[in-house]
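Student: Could you take me through the largest pocket of this model in close detail, covering what lines it, and then the aromatic contacts and backbone features? I would like one connected account.

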Amino acid sequence: KLHVREYGTRSAPGLPVVCLPGFTRTAADFAALAPVLAEGPPQRRVIVIDSRGRGRSDYDSNPANYNLIVELSDIVNVLIALAMRPAVFIGTSRGGLLTMLLGAAQPTMIAGVVFNDVGPVIEPKGLARIKSTVGNLPQPRSLQDGAEILRRLMSPHFPKLTADQWLGFAQQTWQMKNGAVVPIYDPRLARVFAGFDIERRLPTLWNEFDTLAQVPMLVIRGANSDLLSAATVTAMRERRTKMEWFEVPDQGHAPLLEGNDILSRIGQFVTTCEHATAKAPAAPAAASLAM
């Protein structure tokens, strides 16, 4: 079973929004953004999906299923089950990769895209850092202790987070279960990185990126990001001259989707997508999708 957090109503008049979290992240990462988009104006339906093995979704008995193809199929099944209309997809990290793959598989479902610190080229250095933390973080005694662990590990990438923000980060990384503090994801996700070689460049997703050429696009990059390089953003802009983008100072991978500036920019972009959609021919409903 997959957990989906839904904001707004199915009958809301605005363009729907689908939020896809990062590799070990959950719907909680969109807790500040989703209500703002749902409330509008106009009011919108917003859904946030916990991928299998993360958050409140079931863990898979076979960790080999923690792969992009299976997770893409999960997303399509959720869209069909919820009868989603074409929507703006907001993807953080792995969520952005899944959005690119969805663009190749089901392009009519995408009315706009927001890539939060992700692009067609993944920097091996950033992936190696993620590999070193998934399932390998020190065991905190409490969420406050977890906040301190994260601060020690990640403050070079996020030098200006407040104590409350570090605590919020910890609450989105661990959970209390049977009196113990445990990861909010299946630790077997670490097996995804088996055989990963930092010396080898990963396959790029430029072909998948190019399938999104006809929809509005916004790219957010953390100024300290080690996963999405400035050079990749430049290459994306060369292929998409109308692409919007901005950089979040003093944040790394991935920028927090909170604060008036970021929330306002994303809200304005979704409004841009609505205007573009209003001028375009109607797309088929999600119920007609097939994988």
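Tutor: What follows begins with the pocket and then turns to rings, charges and the backbone.

The model is a predicted one, and the values below are computed from it. The largest pocket has a volume of about 710 Å³. Of the 33 residues that line this pocket, the closest to its centre are R25, M154, F169, H253 and A254. Three elements each give two or more residues to the lining, namely α4 (124-133), α5 (143-154) and α6 (163-171), and the largest share, four residues, comes from α6. In chemical character the lining divides into 16 nonpolar, 12 polar and five charged residues.

Two of the residues closest to the pocket centre, H253 and A254, are joined to each other by a cis peptide bond, with omega at about -5 degrees. A254 belongs to the loop between β9 (244-248) and α9 (260-279). A cis peptide bond also joins P41 and P42, where omega is about -10 degrees, and P42 is placed in the loop between α1 (33-39) and β3 (46-49). These bonds deserve attention because most peptide bonds are trans.

F169, also listed among the residues closest to the pocket centre, leads on to the aromatic contacts, of which the structure holds four pairs. One of these pairs is formed by W166 and F169, whose rings are stacked at 6.1 Å centre to centre, with 10 degrees between the planes. Since the two residues are three apart in helix α6, W166 and F169 are separated by about one helical turn. With buried taken as under 20% relative accessible area, W166 counts as buried because its relative accessibility is 5%, and F169, with a relative accessible area of 10%, is buried as well. Another aromatic pair, W206 and F209, is edge-to-face, at 5.5 Å centre to centre and 90 degrees between the planes. W206 and F209 both lie in helix α7 (residues 206-210), where they too are three residues apart, about one turn of the helix. W206 has a relative accessibility of 16% and therefore counts as buried, while F209 is buried at 0%. Returning to the first pair, W166 and F169 form one aromatic cluster together with F158.

Rings also take part in contacts with charged side chains. R265 lies over the face of F246, at 4.5 Å from the ring centre, and the charged end of K177 sits over the ring of Y59, 5.9 Å from the centre of that ring.

Two further backbone features concern phi, and they stand out because most residues other than glycine have a negative phi. A83, which is not a glycine, has a positive phi of about 50 degrees, and its place is in the loop between α2 (68-81) and β4 (87-92). At 45% relative accessibility, A83 counts as partly exposed. D117, likewise a residue other than glycine, has a positive phi near 60 degrees and lies in the loop between β5 (110-116) and α4, the latter being one of the helices that give two or more residues to the pocket lining. D117 has a relative accessibility of 0% and so counts as buried.

Notes
Residues numbered from 1 in each chain as written. Predicted model: local features only at pLDDT ≥ 70, side-chain atom pairs only at ≥ 80, totals over all residues. Heavy atoms only, no water. 1 Å grid on protein atoms, 1.4 Å probe; cavity = no way out; pocket = protein on both sides within 12 Å on 5 of 7 lines; lining within 4 Å. Points joined across faces, edges and corners; volume = space filled by probe spheres on them. Nonpolar A, V, L, I, M, F, W, Y, C, P; charged D, E, K, R; others polar. Phe/Tyr/Trp six-rings, centres within 6.5 Å; stacked < 30°, edge-to-face > 60°. Buried < 20%, exposed > 50% of the residue type's maximum accessible area, 1.4 Å probe, protein only. Lys NZ or Arg CZ within 6 Å of the ring centre and 35° of its normal.
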